[in-house]
Amino acid sequence: SFGALCRQYFRYGLGKMRVVAKHPRLVRLRHFVPSLFVLALAVSALLVLIHPVFALLLALVAGTYLVASLLVSLSLASRHGWWFLPLLMVAFACLHLSYGAGFLLGVPRFVVDRVRRAR
């Protein structure tokens, strides 16, 4: 289910900091992209609260993701069946948003854990 997929990728994101710390040479930029996307969404949404002009930034961040997701989903659906198209869009959102949020929440957990172990 999409709920289970979201939970799974959230946990992957949470645990990624331990992998980053243990094997820093294996980390690639692609591991950080979902968390940067979630961070950009959150910051732009908060900025909208400060001034409505930032709605353009939020629309740009969300729109760029939606276009990229749609293009990849169209490519996959054209090869495997058009009925997959909406499912792919939702699945990609689950993967990226959940992993990104988990990774971002894993950073302070990792730091607190490191500080506790250092004491």
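These legends walk through several close-up views of a predicted model.

**Figure 1. The whole chain is built from helices.** Welcome to the overall view of this predicted model. The protein chain holds four helices and zero strands, and reading along the sequence gives the pattern α-α-α-α. Taken along the principal axes, a box of roughly 55 × 40 × 25 Å is filled by the C-alpha atoms. The protein chain has 119 residues, of which 25% count as buried. Among its contacts with a separation of 6 or more, 64% are between residues 24 or more positions apart.

**Figure 2. The largest pocket draws its lining from helices α2, α3 and α4.** This pocket has a volume of about 190 Å³. Look around its lining and you will meet V33, P34, F37, V61, T64, Y65, A68, S69, V72, F92 and H96. Two or more of these lining residues come from each of α2 (33-50), α3 (55-80) and α4 (85-118). Which helix gives the most to the lining? That is α3, with six residues. Sorted by class, the lining has eight nonpolar residues and three polar ones, while no charged residues take part.

**Figure 3. The largest nonpolar core has seven residues.** Its members are F37, V61, Y65, A77, L88, F92 and L95. Helices α3 and α4 are the elements that give two or more residues to this core. Elsewhere in the model, a second, separate core has six residues, including V20, V27, Y99 and F110. Returning to the largest core, L88 is one of its residues. Leaving aside residues up to four places away in sequence, L88 touches S73, L76 and A77. Of these partners, A77 also belongs to the largest core.

**Figure 4. W82 sits in the loop between α3 and α4.** Is W82 buried or exposed? W82 counts as exposed because its relative accessible area is 52%, and the exposed class begins over 50%. Even so, W82 has neighbours to look for: setting aside residues up to four places away in sequence, W82 touches L74 and A77. For a sense of scale, try finding D113 as well, which is 31 residues from W82 along the chain. The C-alpha atoms of W82 and D113 are separated by 46 Å.

**Figure 5. L47 belongs to helix α2.** With a relative accessibility of 23%, L47 counts as partly exposed. If residues up to four places away in sequence are not counted, L47 touches F54 and L57. You can also pick out L58, which is eleven residues from L47 in sequence. Measuring the model from C-alpha to C-alpha puts L47 and L58 8.6 Å apart in space.

**Figure 6. Two cysteines, C6 and C94, can be viewed for their exposure.** How many disulfides does a search of the whole structure find? The search finds zero. A disulfide is a covalent bond between the sulfur atoms of two cysteines. The surroundings of the two residues can be described by accessibility. C6 is partly exposed, with a relative accessible area of 23%. C94 has a relative accessibility of 9%, so this residue counts as buried; the buried class covers values under 20%.

Notes:
Residues numbered from 1 in each chain as written. Predicted model: local features only at pLDDT ≥ 70, side-chain atom pairs only at ≥ 80, totals over all residues. Heavy atoms only, no water. Disulfide = S-S within 2.5 Å. Buried < 20%, exposed > 50% of the residue type's maximum accessible area, 1.4 Å probe, protein only. 1 Å grid on protein atoms, 1.4 Å probe; cavity = no way out; pocket = protein on both sides within 12 Å on 5 of 7 lines; lining within 4 Å. Points joined across faces, edges and corners; volume = space filled by probe spheres on them. Nonpolar A, V, L, I, M, F, W, Y, C, P; charged D, E, K, R; others polar. Core = buried A, V, L, I, M, F, W, Y, C linked by side-chain atoms within 4.5 Å. Contact = heavy atoms within 4.5 Å.
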